[in-house]
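Let us walk through this structure together, starting at the ligand and then moving out to the backbone. Keep the view open as you read.

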Amino acid sequence: MKFDRKKYRDDTLLKLYKRLLEPRLIEEKMLILLRQGKISKWFSGIGQEAISVGVVNALQADEYILPMHRNLGIFTGRDIPYHRLFAQFQGTASGFSKGRERSFHFGTNEHHIVGMISHLGPQMGVADGIALANKLKEEKKVTVVFTGDGGASEGDFHESVNTAAVWDLPVIFVIENNGYGLSTPSNQQFRFKNFVDKGPGYGIEAVKIDGNNILEVYDTVKKLAESIRENPRPILLECITFRMRGHEEASGTKYIPKELFEEWGKKDPVNNFEKYLLDETVLTDEIVAEFRAEIKKKIDDGLDIAFAEEHIKPNTDAEYADVYAPFANNSFTPATENKTNKRFLDAIAAGMKQSMQKFPELVLMGQDIADYGGAFKMTEGFLESFGEGRVRNTTLCESAIIGIGLGLSIGKMKAMVEMQFADFVTCGFNQIINNLAKSHWRWGQNADVVVRMPTGAGVAAGPFHSQSNEAWFFHTPGLKILYPAFPNDAKGLICAAFEDPNPIMFFEHKALYRSITEDVIDDYFTIEIGKANLVREGSDVTIITYGMGVHWALEALNKNTSISADLIDLRTLLPFDKEAIEASVKKTGRAIILHEDTLIGGIGGEISAYIMEHCFEYLDAPVKRCASLDTAIPFAAELEQNFLPKGRFENMLLELLEY
Ligand SMILES: Cc1ncc(C[n+]2csc(CCOP(=O)(O)OP(=O)(O)O)c2C)c(N)n1
């Protein structure tokens with residue numbers, strides 16, 4: 001291995017050497033502890049350390065790094081106290097995730113590190129978001145994100161690199177090409193020869209280096225970072241390396257030819273650099289011994305502290321307390337009661353506009369939302385008012401864009417992501433369910449993202465432009481779901497959504513956009529999240545519904561004026577207003593839940609169960625559910641009407657009253 005020290009001084013070389021020893025010595029200790037049964041699992045980065053160590057030392061301390069499972073050197077390089085790292089590995093309290101997460105799956109803003117989620121690829125979208133925040137604030141910072149050669153097969157790689165390319169985001173995508181993804185060799189993973197070949201395909205620069213050569217990594221990243229800070233753009237950095245141990249310790253290495261270990265053993269990043277420095281007389285045997293002893297002592301001291309720490313005592317209240325980031329949820333009362341008659345769509349747009357004025361850190365993202373004004377023209381005129389930095393036309397990359405939302409939060413900004421149709425959220429599902437929803441609970445990072453979801457049927461648009469998919473999110477702790485039925489509520493709730501620092505799925509029924517109007521408060525105001533609205537008051541039955549269901553129920557009640565019903569518009573589905581439901585059902589003794597979504601696994605099931613458990617003694621009849629057929633949504637208008645519950649609701653309501 002050839003080292004070129006360029007103009008780097010001795011102390012720089014010595015520092016790099018010492019930094020390189022840290023992950024190696026920690027890992028050697030971990031392997032012993034693993035054999036002794038003192039730790040449970042270990043993903044080894046032995047043989048690949050020069051990449052992490054080169055990268056972290058080439059960056060400024062406040063530049064974010066998003067490492068993967070073999071990048072211990074990033075964590076040591078940011079001077080995380082060893083005992084905290086070890087506590088994290090052991091799942092004890094002085095780690096970074098209150099025992100909720102494993103080894104490297106945590107972030108720490110104090111150290112400007114965002115750890116991975118198991119799914120690997122989503123990390124890259126988050127890096128784009130941090131880079132976007134830096135770029136919008138003109139902070140001249142670079143963000144570095146890691147992926148393996150296997151993880152780079154994921155769609156997230158494409159989406160994130162492509163979006164970074166189009167938006168000139170200051171990100172270095174480091175690909176640690178170690179030839180394997182678990183047991184799968186590269187030739188079963190991809191056909192191209194080098195990742196650098198992908199650079200021109202995305203219209204960006206790409207650089208390939210020897211990942212085992214610490215000086216090459218350090219020097220390359222230093223130069224790239226300097227250049228990117230001045231001239232923001234993404235760069236692919238392919239680091240050729242090899243994993244000297246199994247995917248994780250239990251999985252062995254039988255599937256890798258022995259010769260490869262021999263060949264790469266000779267290219268060991270630590271031994272080679274050590275030899276080079278000894279030859280150059282930068283290093284002496286005494287210094288080697290001194291560094292090793294010092295690090296070993298640090299390791300032993302850290303382990304003593306971490307192992308002495310008590311196991312976490314479960315406290316259910318504490319577990320629940322972190323599901324959401326704290327939010328006062330106070331309603332903002334409007335300055336005046338002045339109102340203007342507005343359509344549903346215009347009410348939301350008005351709320352968004354006032355939120356953009358209130359929060360200069362709020363960024364809107366979505367396909368065609370800029371010049372074109374969005375598929376439904378929700379953001380018409382926004383570009384002119386707020387500029388292309390904050391009103392962003394996105395690539396057709398839902399996953400990357402939602403990941404960018406989380407990255408913006410890490411960069412202390414706020415995001416709105418418009419799904420062109422709620423149906424397309426499937427392509428960003430992973431980011432919502434696993435990243436946005438869980439990151440506060442996992443390591444205290446909120447995801448200040450509102451995902452707007454134009455939803456619902458009734459417009460004969462077929463199976464992929466009409467779905468009601470709120471129930472998919474209802475089952476995910478950490479999300480909030482808002483679903484207004486009236487223009488004024490829509491405005492108050494969209495403003496509340498931007499106030500709330502948590503990830504919010506905001507459902508807007510497309511068929512309501514232009515079909516209903518209401519007097520909407522002109523000034524900025526919010527409606528409390530989690531509070532239902534009693535739209536009609538009665539005594540014989542409780543109708544619980546939301547969205548279009550509220551209008552169907554009103555139609556049925558207007559037709560059957562003799563029915564005395566409480567009509568509850570939930571407005572917030574998660575967390576739903578249990579008190580309002582309980583109070584009403586205890587009064588009426590009968591309940592029917594109506595929703596446009598399909599029946600099985602729908603929100604009605606949960607509400608019904610809640611009523612059974614909490615109001616059983618008050619019920620005079622079984623709780624009914626009225627929902628769409630359990631099929632996909634058909635295209636032909638007649639079939640669609642048959643699918644929807646509207647035509648069945650009145651009968652079910654009458655049956656319930658007669659029970
Ligand atoms: C979406 C997803 N699919 C599968 C896995 C299981 N898995 C974990 S690591 C891994 C291999 C990753 O290979 P690579 O990205 O090359 O990184 P390396 O482990 O070689 O460092 C696989 C298949 C996963 N974590 N996430």
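In sorting residues by class, Ala, Val, Leu, Ile, Met, Phe, Trp, Tyr, Cys and Pro count as nonpolar, Asp, Glu, Lys and Arg as charged, and the others, Gly among them, as polar. With that in hand, the shell around the ligand holds 2 nonpolar, 9 polar and 3 charged residues. This is a predicted model, where local features need pLDDT of at least 70, side-chain atom pairs count only at pLDDT 80 or more, and totals for chains, interfaces and linings use all residues. Residues are numbered from 1 along each chain as its sequence is written, and side-chain values use heavy atoms, with hydrogens and water left out.

Which residues come nearest to the ligand? Of the 14 around it (a heavy atom within 4 Å), they are Arg70, Ser118, Gly150, Gly151 and Tyr180. Some of the shell also makes polar contacts, meaning pairs of N or O atoms within 3.5 Å. A backbone N or O atom of Ser118 sits 2.7 Å from a ligand nitrogen atom. Ligand oxygen atoms take part as well: one is 2.8 Å from a polar backbone atom of Tyr180, and a backbone N or O atom of Asp149 lies 3.3 Å from an oxygen atom of the ligand. On its own the ligand has 580 Å² of accessible area (Shrake-Rupley method, 1.4 Å probe), and the protein covers 70% of that.

Now for the aromatic rings. Rings of Phe, Tyr and Trp (its six-membered ring) pair if their centres lie within 6.5 Å; planes under 30 degrees apart are stacked, over 60 edge-to-face, and the rest tilted. That rule gives 34 aromatic pairs. Among them is the tilted pair of Phe382 and Phe386, at 5.9 Å centre to centre with 50° between the planes. Both lie in helix 14 (residues 382-386), 4 residues apart, about one turn of the helix; helices are DSSP runs of H or I with at least four residues, and strands are runs of E with at least two, numbered from the N terminus.

Finally, look at the backbone. Most residues other than glycine have a negative phi, and most peptide bonds are trans. His112, not a glycine, has a positive phi of about 55°, and His112 lies in the loop between helix 4 (82-90) and helix 5 (122-136). A cis peptide bond joins Leu574 and Pro575, with omega about -5°.

Technical notes. Polar contact = N/O pair within 3.5 Å; in protein donor to acceptor, adjacent residues only side chain to side chain.
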